[in-house]
Amino acid sequence: MSDPRITIIMACYGRPQRTLRSIQCIRDQNITGWEAFIMGDGCPNFKVLIETGYLEDIRVQEAEKGNIIHYFNADENGGGHGYKLINHAIENATGKYLVFYANDDIISPDHFENYLEIEKTDLDFMYFNSWLDPLNSKRDSMLANSYIGHSEIIVKTELAKQLPPHGWKYGHDWDFIYSMMKKGKGKKSKDKVTYKVMHIPAFGTKDTID
């Protein structure tokens, strides 16, 4: 089997129903040949998904389609928005490109296909707009602190592996992106929005599920 075209990284803690929704969003992608790191950060809810066999069942089902799912639950919560899990996934990713996913957000079925616009270029990274659901508005992403995050980028895995690891402090995604900007070549896509941010700390969420 050839290496995956794209690796998605998702660290999980709490939000059990939204975690199931995000896993289904990954499975609903309209392309195959992807790799997913779906990881619990010492999460009791995630432990249940392992113990019931749910994650093993979908791992087997997706393997038959040519997709790879890695899953585990850390022995204890590492804090820092799952930074230890993110670092583990980056270190072990085999896809040509990396994307990131928060376990309470939503991606449309053409999300991977959209971000893989980068395959038609010689760029090291690209960034995209996203939809901010609590504000009912599009985020016009820019390469500046507080104007972009993990959800808006796709980056070559080989470049991501060369960057400093994520730390525990809030804003580690921007630190990663800033390092990416200094070391690689990128540009913004003008294509459609396929990532929906469902929770914003200062504005909460309109979600009605846990």
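**Close-up views of a predicted model**

**View 1. The salt bridge of Arg5 and Glu119.** Arg5 has a relative accessible area of 35%, which makes this residue partly exposed. The model shown here and in the other views is predicted. Glu119 is likewise partly exposed, at 34% relative accessibility. The two side chains meet in a salt bridge, with 2.7 Å from N to O. Distant parts of the chain are linked by this pair: Arg5 belongs to the segment before strand 1 (6-12), while Glu119 sits in the loop between helix 5 (111-115) and strand 6 (125-127), and 114 residues separate them. In total, the structure holds 12 salt bridges.

**View 2. The salt bridge of Arg59 and Glu56 within helix 3.** The closest N and O atoms of Arg59 and Glu56 are 2.7 Å apart. Both residues lie in helix 3 (residues 54-63); because they are 3 residues apart there, about one helical turn separates them. Arg59 is partly exposed, with a relative accessible area of 30%. Glu56 is partly exposed as well, at 28%.

**View 3. The salt bridge of Lys192 and Asp110.** The side chains of Lys192 and Asp110 meet at 2.7 Å, N to O. Lys192 is in the loop between strand 10 (186-188) and strand 11 (195-197), and Asp110 is in the loop between strand 5 and helix 5, so the pair ties together parts that are 82 residues apart in sequence. Lys192 is partly exposed, with a relative accessible area of 43%. Asp110, by contrast, has a relative accessible area of 16% and is buried, since the cut-off for buried is under 20%. Elsewhere, Arg27, Glu62 and Lys65 are joined into one network by salt bridges that share partners.

**View 4. An open sheet of 4 strands.** The strand order is 5-11-7-8, and the pairing is mixed. Strand 5 (106-107) and strand 8 (137-139) are at the edges; each has a single partner strand, so one side of each lacks a neighbour in the sheet. Strand 7 (residues 130-132) runs antiparallel to strand 8, and 3 bridges join the two. Opposite Lys138 in strand 8 stands Trp131.

**View 5. The surroundings of Ile106.** Ile106 is located in strand 5. With 23% relative accessibility, Ile106 counts as partly exposed. The C-alpha atoms of Ile106 and Ser22 are 6.1 Å apart in space, although the two residues are 84 residues apart in sequence. Leaving aside residues up to four places away in sequence, Ile106 touches Arg21, Cys25, Tyr101, Thr194, Tyr195, Lys196 and Met198.

**View 6. Aromatic pairs involving helix 7.** The structure holds 5 aromatic pairs. In one of them, the ring centres of Phe100 and Phe176 are 5.7 Å apart and the planes stand at 75°, so the pair is edge-to-face. Phe100 is in strand 4 (residues 97-100) and Phe176 in helix 7 (residues 172-183); the pair therefore ties together parts 76 residues apart in sequence. Phe100 is buried, with a relative accessible area of 4%, and Phe176 counts as buried at 3%. For Trp174 and Tyr178, the ring centres are 5.9 Å apart and the planes are at 40°, so this pair is tilted. Trp174 and Tyr178 are 4 residues apart in helix 7, which means that about one helical turn separates them. Trp174 counts as buried at 14% relative accessibility, whereas Tyr178 is partly exposed at 40%.

Key. Residues are numbered from 1 along each chain as its sequence is written. This is a predicted model: local features need pLDDT of at least 70, side-chain atom pairs count only at pLDDT 80 or more; totals for chains, interfaces and linings use all residues. Side-chain values use heavy atoms; hydrogens and water are left out. Two strands pair if DSSP finds at least two bridges between them. A salt bridge is a side-chain nitrogen of Lys or Arg within 4 Å of a carboxyl oxygen of Asp or Glu. Buried means under 20% relative accessible area, exposed over 50%, partly exposed in between (1.4 Å probe, protein chains only). Contact means heavy atoms within 4.5 Å. Rings of Phe, Tyr and Trp (its six-membered ring) pair if their centres lie within 6.5 Å; planes under 30 degrees apart count as stacked, over 60 as edge-to-face and the rest as tilted.
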